[in-house]
Amino acid sequence: MALFTNQATLTYNDNVINSNIVTGEIVQVLTVTKNALSDTYERDKTITYIINIVNSSDSDFTDLTVTDNLGAYAFNTSTLVPLTYVDDSVRYFIKGDLQAQPTVAATSPLTITGITVPANGNATIVYSATVNEFAPLDGETQITNIVTVSGRGLSTPVTAEETITLETGPILSITKAVCPLSVPENGTLTYTFVIRNNGFTEATAADNLVIRDTFDPILNITSVTLGGTALTPTTDYTYNAETGEFSTVAGVVTVPAATYVRDATTGAYSVTPGATVLTVTGTI
């Protein structure tokens with residue numbers, strides 16, 4: 001909503017007469033909201049955003065432009081953008097009905113053109129962006145991106161913003177390898193499990209990590225190590241030699257937090273996941 005003023009003048013015989021000042025108000029009839037489907041972010045995570053534009057007037061708004069700054073922020077003398085638009089991810093709805101894909105005129109900032117919001121109706125735009133190497137990992141660990149709607153019929157652009165914060169707690173993954181790939185009968189096999197932590201919080205005993213596996217062929221276990229340290233049967237792990245079912249005891253496995261380094265020139269973060277290695281060796 002914006003106020004405006006106006007005044008007329010009357011001139012005659014070198015005289016200038018001012019009228020009274022009239023004041024009016026432009027009532028904003030277009031509103032915009034923005035929401036992310038995830039409250040948190042981590043490296044390489046894809047975030048889906050939903051923009052809803054509501055028109056409370058009796059006239060259509062046509063040929064509007066929707067711009068998202070993708071969380072751009074200042075760093076040194078440059079501007080960094082922590083989100084990367086996912087190509088062809090934009091979807092456009094009018095009153096809930098899917099429309100032809102609109103034009104993406106630019107991807108950074110994301111610029112979508114040719115949007116119509118019908119009278120007493122709404123338009124919804126959905127798109128996705130991936131968290132990249134410029135997403136903050138220290139200081140204010142959040143991404144705030146601003147959407148702006150502008151175009152014909154609007155006295156001033158309308159805006160909305162959404163903030164997501166850095167994921168807290170461990171973010172774990174596990175991979176498994178076997179060596180050798182070809183083993184003779186009664187030969188020795190070693191299974192290696194690598195547990196990685198992409199989060200910046202250590203996975204401690206309180207997180208109750210448990211690694212389970214059923215070995216087929218069944219192993220005659222000769223050693224189990226965690227980070228190079230031998231584990232003790234029953235105390236640290238259990239194994240059923242008849243079924244091949246193996247399990248670590250809850251809390252025995254811990255994984256250090258990930259670490260990062262920020263390039264002082266480019267502002268990019270490089271992340272090194274924390275890792276713990278479990279090995280199980282035996283004969284078949």
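Are Asp 68 and Lys 34 buried or exposed? Select the two residues together: both Asp 68 and Lys 34 are buried, where buried stands for under 20% relative accessible area, exposed for over 50%, and partly exposed for what lies in between, with a 1.4 Å probe and protein chains only.

Before going on, note that this is a predicted model, in which local features need pLDDT of at least 70 and side-chain atom pairs count only at pLDDT 80 or more, while totals for chains, interfaces and linings use all residues. Residues are numbered from 1 along each chain as its sequence is written, and side-chain values use heavy atoms, with hydrogens and water left out.

**Stop 1: the salt bridges**

Keep Asp 68 and Lys 34 on display, since they form a salt bridge whose closest N and O atoms are 2.8 Å apart; the term stands for a side-chain nitrogen of Lys or Arg within 4 Å of a carboxyl oxygen of Asp or Glu. Asp 68 lies in strand 6 and Lys 34 in strand 3 (residues 30-36), so the pair ties together parts that are 34 residues apart in sequence. Strands, like helices, are DSSP runs numbered from the N terminus, with at least two residues in state E for a strand and at least four in H or I for a helix.

A search of the whole structure finds two salt bridges, and the next selection is Lys 176 with Asp 213, where the closest N and O atoms are 2.4 Å apart. Here Lys 176 belongs to strand 17 and Asp 213 to strand 19, so this pair ties together parts that are 37 residues apart in sequence. Lys 176 counts as partly exposed, at 46% relative accessibility, whereas Asp 213 counts as buried, at 15%.

**Stop 2: the sheet around strand 17**

Stay with Lys 176 and look across to strand 18, where Phe 193 stands opposite. Strand 17 and strand 18 (residues 188-197) run antiparallel and are joined by eight bridges; two strands are taken to pair if DSSP finds at least two bridges between them. Widen the selection to the open sheet of five strands, which has the order 17-18-26-20-21 and antiparallel pairing. At its edges stand strand 17 (172-179) and strand 21 (229-230), each with a single partner strand, so one side of each is left without a neighbour in the sheet.

Next, follow the loop between strand 17 and strand 18 to Pro 180, which is joined to Cys 179 by a cis peptide bond with omega of about -5 degrees. Another cis bond runs from Asp 216 to Pro 217, with omega near 10 degrees, and Pro 217 is placed in the loop between strand 19 (212-214) and strand 20 (220-226).

**Stop 3: the six-stranded sheet**

Now select the six strands that form an open sheet in the order 4-16-15-6-13-12, with mixed pairing. Strand 4 (40-41) and strand 12 (103-107) are at the edges, each with a single partner strand, so one side of each is left without a neighbour in the sheet. Strand 12 and strand 13 form a hairpin with two residues between them, and they pair in the antiparallel sense over four bridges. Within this hairpin, Thr 107 has Leu 110 as its bridge partner, and Ala 106 has Thr 111. Strand 13 is also joined to strand 6 (residues 61-68) by five bridges, again antiparallel, with Leu 64 opposite Ile 115.

**Stop 4: the nonpolar cores**

Which residues have the most contacts inside the largest nonpolar core? They are Val 66, Ile 125, Tyr 127 and Val 149, in a core of 38 residues; such a core is a set of buried Ala, Val, Leu, Ile, Met, Phe, Trp, Tyr and Cys residues joined through side-chain atoms within 4.5 Å. Strand 14 (residues 122-131) gives the most to this core, with five residues. A second, separate core has 19 residues, including Ile 211, Leu 219, Leu 278 and Val 280.

**Stop 5: two loop residues**

Finish with two residues other than glycine that have positive phi: Asp 88, near 60 degrees, and Lys 95, near 50 degrees. Asp 88 sits in the loop between strand 9 (83-85) and strand 10 (91-94) and counts as exposed, at 56% relative accessibility. Lys 95 is in the loop between strand 10 and strand 11 (97-98), and is exposed with a relative accessible area of 51%.
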